[in-house]
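Trainee: I would like to learn how to read a structure like this one. Where do we begin?

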Amino acid sequence: MTKDSAARMIEEETALALHISSYDDSQEQPSEKTHIADEILKSARQHRVQLRQDPLLVEHLANYNVIGSIHPELYPSVAGILTFLQRLSVDA
Amino acid sequence: MLIEIGATLSPANFALAEALAKLGVPLTETNMIEGQSILARLPDVSPAVFALSKALDLPPTPAIMRALSGVLDRSSMTNRLDIGTLDLLSLLPHSGHDANSLSLYIRNLFDKLGQSTENKLLTDPDTANTLKVYDIRSSLLELAATNTGGQTALAADKHASYIEGQQLLNQVSVDRTESSGPLYFAFPILLASREAACEVQLWPAKDQKSRTAEDADKEEYLHATIRVDSERLGVIETTLIGFWSGRLNCTLYAAKPTTVRLLKRESSSLAKALGALGWSVAPITVVKKDRFVALWLGGELLDNPRVRVDQRI
């Protein structure tokens, strides 16, 4: 990517973000979720954790935690299949 | 229909209308104008990505469009991280692993992909300082930020988007199905020293309802699809359905006829390996399959022929 195209992309993204932001502002008040997204972004900046600076993406990912939904038996079964395929690809 | 809503009959508009219709999004003037605007501003985004965001009620911000593009366009991604960098980020189970250590590795990887950086910051701010080391997505973004403009930066940024896309689609699945819908994880693996793509679709764990042994043999306990796409063997898909009784049904699908023959010849060793895990494995079926539908939420819609474009009918 050239500097020009990178600069253009940033300009375009900023314009789009402004467009979406103004659209949202005209429709409704900032939600509780948006407030949480701002808090997360603040915390990320404070701890220098890299995060996309997009409150709507942050808002959608704020609750994402599915670790407890996964069967513990899944891991050895997937590993068994991948080990089988690894052996097969060497022999093929 | 395009003329009625004031859109010109251009190839770009046809492509956008087709994508919206395929995903069941109403073909309205508002959706068309919004789509044209987004696609003009973000030339790397395909009409299918915009349509998917509308179908899933996700706001079309640049970051969300890029995240969904990461999942949709994975096969055509040109900027990929090299094997050394993937290994450094613990994103690549290599062929030296035996089944036990590979199992631990995958568990560790799913633990990382199964929780967002945002959720970690929200639920346990005290761990924020360690995120830079243990969180794959923020490590990728860190790599992108420190190598500005380079190929590695672009590849790291794209891989971070790819993870964000998976997490977004899974969160929508959780929201829409009250945690009973399928989850999707994708990661690279090494097969015969070459990088291959591995995708896993799985259904969340459920409590046992069956009371009798007969019912336990009908009630699903584990349901997963594992798909690997390698240069040498082509696409191989495995479906696993385990029941509360301990019975496990395993079906192998492959696109290449040579791979189908190889799988048929070797499937008994897989049955033995799965049996060693405690499953009562039914005879493994091997089937040739030519069409593989995307495993993430909404992906199957993209492959279905659209019924109609005009939503008013």
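**Two sides of a helix**

Mentor: Begin with exposure. This is a predicted model. On one side of helix 2 of chain B, Glu29(B), Thr30(B) and Ala40(B) are exposed.

Trainee: Which residues of helix 2 of chain B are buried?

Mentor: Gly35(B), Ile38(B) and Leu39(B). These three span an arc of only 95° around the axis, so they sit on the same side of helix 2 of chain B.

Trainee: What covers the buried residues of helix 2 of chain B?

Mentor: The cover includes helix 1 (11-22), helix 3 (47-55) and helix 4 (62-72) of chain B.

Trainee: How far does helix 2 of chain B reach from its first C-alpha to its last?

Mentor: Compare the span with the expected one. Helix 2 (residues 29-41) has 13 residues and reaches 18 Å, close to the 18 Å expected at 1.5 Å a residue.

Trainee: Now the contact between the chains. How many residues does each chain give?

Mentor: Chain A gives 49 residues and chain B gives 68. On the chain A side, helix 4 of chain A brings the largest share, 16 residues. That side divides into 31 nonpolar, 13 polar and five charged residues.

Trainee: Which elements of chain A have the lowest and the highest mean pLDDT?

Mentor: Read confidence element by element. Helix 1 of chain A has the lowest mean, 45, and helix 3 of chain A the highest, 95. Over residues 5-28 of chain A the pLDDT is below 50. Chain A averages 75; chain B averages 87. The model scores ipTM 0.88 and pTM 0.86.

How values were computed
Residues are numbered from 1 along each chain as its sequence is written. Chains are lettered from A and ligands numbered from 1 in the order in which they are written. This is a predicted model: local features need pLDDT of at least 70, side-chain atom pairs count only at pLDDT 80 or more; totals for chains, interfaces and linings use all residues. Two residues are in contact if their C-beta atoms, placed from the backbone, lie within 7 Å. Helices (H or I, at least four residues) and strands (E, at least two) are DSSP runs, numbered from the N terminus. Ala, Val, Leu, Ile, Met, Phe, Trp, Tyr, Cys and Pro count as nonpolar, Asp, Glu, Lys and Arg as charged, and the others, Gly among them, as polar. pLDDT is the predictor's confidence in each residue, from 0 to 100. The expected span of a helix is 1.5 Å times one less than its number of residues. A residue is buried if 20 or more other C-beta atoms lie within 10 Å of its own, exposed if 12 or fewer, and partly exposed in between; C-beta atoms are placed from the backbone. The arc is that of the directions from the helix axis to the C-beta atoms.
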